[in-house]
Amino acid sequence: VQTCALPILEDVASPATIHRKIDDLRLAGLVDTEFQGENRRTKFLTPTPKARKFFDKVNALLPSAVATR
């Protein structure tokens, strides 16, 4: 997450809270942090296979959840 992008998210939470939640996701094995080039200040978050499996399950259940409304 670029620090410059965090002001956009301040309506959601403070930058410190966002960073803490990203760390929680990383510790849970749901996202990986990647860097491109030599700029280590800009982090790109990518979902792990564990996260993809979770969202595949959610996507499979979503139509039936919507149908019961």
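Two residues are in contact when heavy atoms of theirs lie within 4.5 Å. With that meaning, and leaving aside its neighbours within four places in sequence, Thr 48 is in contact with Gly 29, Leu 30, Val 31 and Asp 32. The structure discussed here is a predicted model, and the points below take up Thr 48, helix H2 with the glycine that follows, and a pair of aromatic rings.

**Thr 48 and its surroundings**
- Thr 48 is found in the loop that runs between strand S2 (39–47) and helix H3 (49–67).
- Because its relative accessibility is 6%, and buried means under 20%, Thr 48 counts as buried.
- A polar atom of the Thr 48 side chain lies 2.5 Å from the backbone oxygen of Gly 29, a residue that is also among the contacts of Thr 48.

**Helix H2 and Gly 29**
- Helix H2 covers residues 15–27, and its 13 residues should span 18 Å at 1.5 Å a residue, which agrees with the 18 Å that separates its end C-alpha atoms.
- Gly 29, which comes just after H2, takes a positive phi of about 80°.

**The aromatic pair**
- When ring centres must lie within 6.5 Å to pair, the count comes to one aromatic pair.
- The pair is formed by Phe 54 and Phe 55, whose ring centres are 5.2 Å apart and whose planes stand at 75°, so the pair is edge-to-face, a term that applies to angles over 60 degrees.
- Phe 54 counts as partly exposed at 47% relative accessibility, and Phe 55 is likewise partly exposed, with a relative accessible area of 48%.

Methods. Residues are numbered from 1 along each chain as its sequence is written. This is a predicted model: local features need pLDDT of at least 70, side-chain atom pairs count only at pLDDT 80 or more; totals for chains, interfaces and linings use all residues. Side-chain values use heavy atoms; hydrogens and water are left out. Helices (H or I, at least four residues) and strands (E, at least two) are DSSP runs, numbered from the N terminus. The expected span of a helix is 1.5 Å times one less than its number of residues. Rings of Phe, Tyr and Trp (its six-membered ring) pair if their centres lie within 6.5 Å; planes under 30 degrees apart count as stacked, over 60 as edge-to-face and the rest as tilted. Buried means under 20% relative accessible area, exposed over 50%, partly exposed in between (1.4 Å probe, protein chains only). A polar contact is a pair of N or O atoms within 3.5 Å; within protein, one must be able to donate a hydrogen and the other to accept it, and residues adjacent in sequence count only if both atoms are side-chain atoms.
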